[in-house]
Amino acid sequence: MKKDIANVLKSGFAAALAFCAAAVSAETKIVIDGSTTVGPIAKAFADFYKETHPEVNITISESGSGNGVKSLMNGACDIANLSRFMKPAEFKSCVDKKILPVAHVVAFDGLAVVVNPDNPVKSLSMRQIADIYTGKITNWKEVGGKDAKIVVVSRDTNSGTYETFNELVLKKLPVSKSAEYVGSNGQAKMRVAATKNAIAYLGLGFADDSVKPLSVDGILPNAKSVSSGKYPIARPLFMFTDGYPKMGGDVYNFVTLHLTKEGREIVSDLGYIPVCE
Amino acid sequence: MSKNAKNLIMDTRRRAVGGIAESAGKAVLFCITAIPTVAVVFIIFFIAKEALPFFGDISHLKEFFTSADWRPSADPNPHFGALSIFYGTAMVTAGSCAVAVPLGILTAVCLNEIVGSKTAGFFKPLVELLAAVPSVAYGFFAIIVFAPLLQNHGGAILSALLFAAGVPVAAIAALPVADFVSARFTKNARLRKISGFLFSAVCAASVGCGALSLSSMEISSGTNALNASIILAIMALPTIVSISQDALASVGRDMREGSLALGATRFETIFKVVLPCAKSGIAVAVILGLMRVVGETMVVWMASGNSLKIPEPFYNFFEPVRTLTATIAGEMGEADQSTGSARYHVLFAMSFCLLAGGLALNAASQWVGSGFKFRKK
């Protein structure tokens with residue numbers, strides 16, 4: 001009698017072990033963290049990838065480029081999305097923690113400078129945009145608009161979008177103190193859509209009908225002007241992995257998805273610009 | 001001795017076992033109680049430890065409290081002047097208190113003194129439900145609904161509110177003032193009454209005019225100190241209402257009956273007897289509400305606009321401001337050890353200031369609360 005119980009327990013234990021092993025081997029997990037700008041691409045890639053690989057479990061968080069690097073550095077994620085390149089200091093602390101960041105450029109993105117659709121202003125020069133953001137120009141009439149105070153909306157300093165804008169447009173000059181800060185592209189769009197005299201910048205993929213993109217130095221942001229390098233405020237979007245992923249693995253498939261035909265379609269459907277045609 | 005009686009007397013062995021079990025039980029409970037205490041001590045220790053490198057540098061320390069130049073990401077010369085951020089915190093806190101304290105106390109008075117217990121039993125849980133709404137939902141409401149509303153109809157809304165609330169309050173408040181002043185000049189009761197009414201009418205009219213002049217005002221940005229203040233006030237309401245009402249309820253029936261028996265009206269009983277009796281409890285309610293406001297992060301990050309300027313003029317609630325909590329949340333991601341240590345430690349310096357403020361408020365509430373208990377005895 002006692003032996004029977006022991007046998008039952010043994011076989012049960014073995015079954016449980018086998019089950020666990022099966023679960024571990026069958027379910028691979030990809031953890032992705034970082035930029036809110038690259039987030040939509042990662043999400044769409046994940047949806048697409050899960051269709052053909054239902055056993056892969058993909059978690060995506062969007063906490064900003066800076067936090068993405070932190071996650072990668074601490075081994076908390078497999079792929080860090082960045083809307084800017086990794087800073088030298090960040091690179092160094094990654095290497096110090098035995099993490100070797102490898103960059104994969106998954107798409108290009110233009111930063112659209114947007115205003116409310118009711119705003120008569122259609123075009124600004126890089127210089128004017130910089131002056132608005134540094135606080136030299138504070139009224140729309142100075143750039144050919146109505147007599148109204150400009151509500152300057154900037155992304156928070158956590159975001160790669162802010163870093164890109166600060167570098168390309170402001171040339172690292174400090175942003176005006178009266179500028180408002182918002183935590184995401186979506187929030188920037190909402191603020192401009194709801195505020196008559198607001199100006200903001202956001203990833204081209206986020207600019208829909210509720211806001212009006214301005215032409216910068218006479219050039220409207222679109223796939224063509226960005227990929228040809230004519231539109232001045234554009235940047236590559238990155239996914240960073242620790243070392244180059246094992247070829248044929250799930251992470252490898254994921255970070256090379258943008259090179260396939262479907263991947264390129266996903267990228268352009270989202271309003272970003274594919275790396276290759 | 002019967003068997004039952006014998007069972008009641010413990011022998012030495014059972015007594016010893018019981019004693020050990022008792023002290024073991026006490027020890028376990030003590031350990032459980034110690035967990036949160038130890039956690040608090042560790043948090044204070046950790047924050048102080050991380051803040052120290054920043055405060056250790058005298059030039060940083062001076063800049064932190066006296067300058068409004070906040071450029072932590074500037075390379076190579078970062079600036080850590082947090083004055084405008086401290087000011088923003090103070091402004092939003094003051095604004096939300098101005099809304100939540102009178103509203104909360106009056107709601108508590110109404111629930112406890114005016115309406116019947118059935119109605120109060122229906123409304124109090126509803127007010128307390130406000131505390132269950134996640135703060136990000138409040139923030140979302142602030143951006144999606146409240147900010148555009150302020151931008152498009154802000155002047156009209158404010159003037160209507162001021163008209164509805166300000167005119168009667170001004171009229172009532174003017175009466176005792178006029179009474180006090182006129183008492184110095186004349187003893188003629190009729191003259192005093194007339195002058196009182198005149199003064200009250202003038203006050204009400206001037207507030208009304210002020211309200212009307214507001215209606216044409218345009219608010220350029222809806223995410224501002226006012227937006228954050230009002231949303232925070234709504235979030236602080238359940239705390240204030242709930243605790244104030246408990247304080248009012250604990251004022252003895254004898255006080256009320258004594259007051260009424262002496263011929264005081266219901267209004268006089270509430271404002272001259274019940275409220276003064278419950279004032280310590282109400283003060284605790286206000287302090288706890290205040291702590292909720294100061295510590296709130298998500299809502300201010302979304303609703304206050306987060307600009308780094310001290311509003312001009314300083315009482316202008318229509319300008320965006322930034323608070324300490326929002327700054328910590330907003331800068332956290334870039335402020336790793338890897339991107340410059342001062343930028344990392346300055347956030348802990350801010351946490352430390354918030355913590356110190358919180359401890360001071362907590363101590364104040366303990367102090368006031370103990371006064372309340374003393375009076376009740």
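**Salt bridges, the A–B interface and some odd backbone spots**

Student: How many salt bridges are there over all chains?

Tutor: Searching the whole structure gives 22 salt bridges over all chains. A salt bridge here is a side-chain nitrogen of Lys or Arg within 4 Å of a carboxyl oxygen of Asp or Glu. Before we go on, this is a predicted model, where local features need pLDDT of at least 70, side-chain atom pairs count only at pLDDT 80 or more, and totals for chains, interfaces and linings use all residues. Residues are numbered from 1 along each chain as its sequence is written, chains are lettered from A and ligands numbered from 1 in the order in which they are written, and side-chain values use heavy atoms, with hydrogens and water left out.

Student: Good to know. Which residue forms a salt bridge with B:Glu113?

Tutor: That partner is B:Arg256, and the closest N and O atoms of the two are 2.5 Å apart. B:Glu113 sits in helix α4 (residues 83-114) of chain B and B:Arg256 in helix α9 (residues 253-261) of chain B, so the pair ties together parts that are 143 residues apart in sequence. Helices (H or I, at least four residues) and strands (E, at least two) are DSSP runs, numbered from the N terminus.

Student: Are B:Glu113 and B:Arg256 buried or exposed?

Tutor: Both B:Glu113 and B:Arg256 are buried. Buried means under 20% relative accessible area, exposed over 50%, and partly exposed in between, using a 1.4 Å probe and protein chains only.

Student: And what about B:Lys309, what does it form a salt bridge with?

Tutor: B:Lys309 pairs with B:Glu319, their closest N and O atoms being 3.5 Å apart. Each of these two residues is in the loop between α12 and α13 of chain B, 10 residues apart. B:Glu319 and B:Lys309 are buried too.

Student: How exposed is B:Arg71, and what does its side chain meet?

Tutor: B:Arg71 is partly exposed, at a relative accessible area of 29%. Its side chain meets that of B:Asp69 in a salt bridge, at 3.1 Å from N to O. Over in chain A, a network of salt bridges links A:Arg127, A:Asp131 and A:Lys136.

Student: How many salt bridges are there between chain B and chain A?

Tutor: Zero between those two chains. The rule does find 13 residue pairs in polar contact across the interface, both residues at pLDDT 80 or more. A polar contact is a pair of N or O atoms within 3.5 Å; within protein, one must be able to donate a hydrogen and the other to accept it, and residues adjacent in sequence count only if both atoms are side-chain atoms.

Student: Which elements of chain B touch chain A?

Tutor: The elements giving two or more residues to that side are α6 (135-182), α12 (298-303) and α13 (324-331) of chain B. α6(B) gives the most, with six residues.

Student: How many residues are in contact, and what is the area buried?

Tutor: On the chain B side 34 residues are in contact with 29 residues of chain A, where contact means heavy atoms within 4.5 Å. About 2,500 Å² is buried between the chains, with carbon and sulfur atoms giving 50% of that area. Buried area is the accessible area (1.4 Å probe) that two parts lose on being put together, summed over both.

Student: New topic: how many disulfides are there over all chains?

Tutor: Zero over all chains; a disulfide would be a pair of cysteine sulfur atoms within 2.5 Å.

Student: Why is B:Cys209 without a bond to another cysteine?

Tutor: Its closest cysteine sulfur, in B:Cys203, is 12 Å away, which is too far for a bond. B:Cys209 is exposed, with a relative accessible area of 54%. B:Cys277 is in no disulfide either, as the nearest cysteine sulfur, in B:Cys110, is 20 Å away.

Student: Last one, the backbone. Where is there a cis peptide bond?

Tutor: The cis peptide bond joins B:Glu312 and B:Pro313, with omega about -15°. B:Pro313 is in the loop between α12 and α13 of chain B. That loop also holds B:Asn306, whose phi is near 60°, a positive value in a residue other than glycine. B:Asn306 counts as buried, at 0% relative accessibility.

Student: And A:Lys171, is that buried or exposed?

Tutor: A:Lys171 is exposed, with a relative accessible area of 58%. Its phi is positive as well, near 50°, and A:Lys171 is found in the loop between α6 (160-168) and β7 (180-182) of chain A.
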